[in-house]
Amino acid sequence: MTDAEALQSTKTEPAGLINTAINIIASPSEAFSELEQRPTKLFPIAVILISMMLVMFWYYTIVDFDWFIDDSLALANLSEDQMEAARDGMTSMSQTTFTMFGVLGGPAAFFVFWVIQAGYLSLMSALIGDRFKFTNWFSLVVWTALPYLLSNVGMAVTVALSPNGQLSAAELNPLTLRNLGMEVNITSLDALFLQLDLTIIWAIALTVMAYKQWLESSWIKACGIVLAPYLLLTGVWAYFALT
Amino acid sequence: MNLKKLLVVFFIAGTVIALPFINRAVFGTNAKEVDISVVSQRIISPSILASGFLAHEEEVMLSSEVIGKVADLFVEEGDQVDTGDLVLRVDDKNFIAGFEQSEAAVRINTIDIERQEVRIANLERQYERSKSLYQQELIGEEEYETLLNQLELARIDYLSAQERLAQSEAQLDQVLDQLSKTQIISPIDGVITSLDIKVGETAIASSTNIPGSSLMTIANPASIYTEVLVDEADIANVEVGQRAEIVAIAYPDQPMRGVVRFIANTAKIAQGRTGLSFVVKIDITDPGEVVLRPGMSCRAEIFTRQDQSVAAVPIEAVIFEEDRAELRSEYFVFVNDDGIARKTKVDVGLSDDEYQELTSIVDNDIEIVIGPNQELRHLLDGDRLNTNLVEDD
């Protein structure tokens, strides 16, 4: 049986986008089968990015701007002179400019990350010779990122609970490893825990599962191919952080 | 849609939504780490600040009144000299030659006078004889008058010779004066603080600031004082006799004591400043371990009023807020109310660079947030506090 025949034989009735979204959370294998047949993309992109933009807009609207600048600089671990120079630079920008960067920067970074991830997986497909193209992988990575919606929800609740606008960007997302209690004294590791949240790990795990399911490969191969860029990045980071 | 799946999604979403609530309930909002201090009686020394430099009161800059090469230099920079000491000699060969020439002129003119005196004496005798002969009508009137005329001319020549002598004597005095100016003498007791010329260089008689016009500077080290520029807004508080603390830039940790001695009558716009300021001279009464050098930059704190014991807090604890639209300005402090920051309006009185008097909160033992600045500037009414009591030194 060819790949095309195999695909035709396994085609199912189209599920709604909401259904796929629920399956991504509650029954990923069903969602992956659906995505294998219909690689939709717009819905998860729109939901994740628009919710992210709304939350960031809300955050930058309520945050105490002067306090935010000092707090951001305190996290940057700068010398006093560098701190003054950075403060001058930041205060020269208006809160609107900051809001614009905050609202557009995060979603833009996510989108670029997805494109790179899908590009990498389609390159691996081309090398291995399987049937999946960029469009399939891009659809997969944007759908597997859907759990990030939960981070946006968590951030929205955190913003809503902030009594006075003095809410640190580091404390915004309740699902980061650091905010879940993983605080360490090693600065570089602490910075990693600050950025890494459960939904990102969840999304990576979903991608591994989908890869295994789509290519009917072993767990080791799926993990090896999907996690290779992350392991490479982590290795480079660890080298610089620990040396 | 499978109910079980929906339940899973709702459970996860619910957990995420609950997390910030749980976090808040368990840990509360982050308490801010702040330093606190109690309101207590503190000594306040109202003062004003001014900057300036150290200078010598007795200081002379020597320059030459004659032009000539420096033949001898008898001092080096840093040497102690007394009044009347010869410190420098300008080459005087030309001046000595001029002196000898003038001396010879005096002598020639003296001899000329002697000659005129002899001539007059001779003519007087001839005149007496001719007068007698003329009265006896032994000689004619013309011969008598010729002799009389010669005598009067000789007397005029004598007067002329006397004037020439006076002229040559004056020239001699002038040359002597020039000669004496080749010897540069110290006019004061002091130390050579600056030596601007070397042997072989040409000393120039000039008041302009060109090389050679200034020979050296002599200053009395005991007469060093501080000259500061006090802003015109502060000058009304400054009086002669007030205590001052002077800090030389080179010795930032060694304040010197001083007393205001002089306040200028006229304000001037000092170089590098836009506003008017007054020169104030401060005598240094106790330099401590500081090695005083004129020209040193310094900062002076002039204590304008007597020390006063008042209810005060560290000055950084007092927050000034201004609403220009409503023309309103107010002072606040944050009072520690059992771990909660309470923004409290206060009235303020005297202040110095350490403490601010509070006139509206005079109860001792009230705890006021005093820092750190990074926390204080963002502190809000109702914020939770983790306090660290800072004791006074």
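These are my notebook entries on a predicted model with a chain A and a chain B.

**Entry 1: confidence**

I began with how far to trust chain A. Its mean pLDDT is 86, and 93% of its residues reach 70 or more. Residues 1–10 of chain A are another matter, with pLDDT below 50. Beyond near neighbours in sequence, that stretch has 2 contacts in the model. A reminder to myself: where pLDDT is low, the predicted coordinates should not be read in detail.

**Entry 2: a helix in chain A**

Next I picked helix α11 of chain A, which covers residues 198–215. Does its length fit the number of residues, and what span should I expect? I counted 1.5 Å a residue for its 18 residues, which gives an expected span of 26 Å. The C-alpha atoms at its ends are 26 Å apart, so the two values agree.

Then I asked which residues of α11(A) are buried. My list reads Thr199(A), Trp202(A), Ala203(A), Leu206(A), Thr207(A), Ala210(A), Tyr211(A), Lys212(A) and Trp214(A). I noted that a lysine, Lys212(A), is on that list. What do these buried residues pack against? I found five helices of chain A: α2 (17–26), α3 (28–37), α8 (134–144), α9 (148–161) and α12 (219–242). Just after the helix comes Glu216(A), and its phi is positive, near 50°.

**Entry 3: where the chains touch**

I moved on to the contact between the chains. Chain B gives 17 residues to it and chain A gives 21. On the chain B side, helix α1 (residues 3–27) supplies the largest share, 12 residues. Sorting the chain B side by type, I got 11 nonpolar, 4 polar and 2 charged residues.

**Entry 4: chain B as a whole**

How many helices and strands does chain B have? I read off 4 helices and 25 strands. Chain B has 393 residues, and 20% of them count as buried. I also looked at its contacts with a separation of 6 or more: 76% of those join residues 24 or more positions apart.

**Entry 5: two sheets in chain B**

Before the sheets, a note on the basics: strands pair through backbone hydrogen bonds, either parallel or antiparallel.

One open sheet has 4 strands in the order β2-β18-β23-β22 of chain B, and the pairing is antiparallel. At its edges stand β2 (40–44) and β22 (348–351) of chain B; each has a single partner strand, so one side of each has no neighbour in the sheet. From one strand to the next, the twist averages 60°. I followed β2(B) to its partner, strand β18 (residues 308–314) of chain B, and found 5 bridges between them. One residue to click on is Arg42(B), whose bridge partner in β18(B) is Val310(B).

Another open sheet of 4 strands runs β8-β7-β5-β10 in chain B, again with antiparallel pairing. Here β8 (183–185) and β10 (202–203) of chain B are the edge strands, pairing on one side only. Strands β5 (residues 68–73) and β7 (residues 86–90) of chain B are joined by 3 bridges. In β7(B), Val90(B) is the bridge partner of Val70(B).

**Entry 6: one residue, Glu33(B)**

I finished with Glu33(B), which sits in strand β1 (residues 32–38) of chain B. Is Glu33(B) buried or exposed? It counts as exposed, because I find 11 C-beta neighbours inside 10 Å. Leaving aside neighbours within four places in sequence, Glu33(B) is in contact with Glu375(B) and Asn386(B). I also checked Leu376(B), which is 343 residues away along the chain: its C-alpha atom is 9.8 Å from that of Glu33(B).

Notes. Residues numbered from 1 in each chain as written. Chains lettered and ligands numbered in written order. Predicted model: local features only at pLDDT ≥ 70, side-chain atom pairs only at ≥ 80, totals over all residues. Contact = placed C-beta atoms within 7 Å. Helix = DSSP H or I, 4+ residues; strand = E, 2+ residues; numbered from the N terminus. Nonpolar A, V, L, I, M, F, W, Y, C, P; charged D, E, K, R; others polar. Expected span 1.5 Å × (residues − 1). Buried ≥ 20, exposed ≤ 12 C-beta atoms within 10 Å, placed from the backbone. Pairing = 2+ DSSP bridges. Axes fitted to C-alpha atoms, helices over the stretch in contact; angles between N-to-C directions. pLDDT = per-residue confidence, 0-100.
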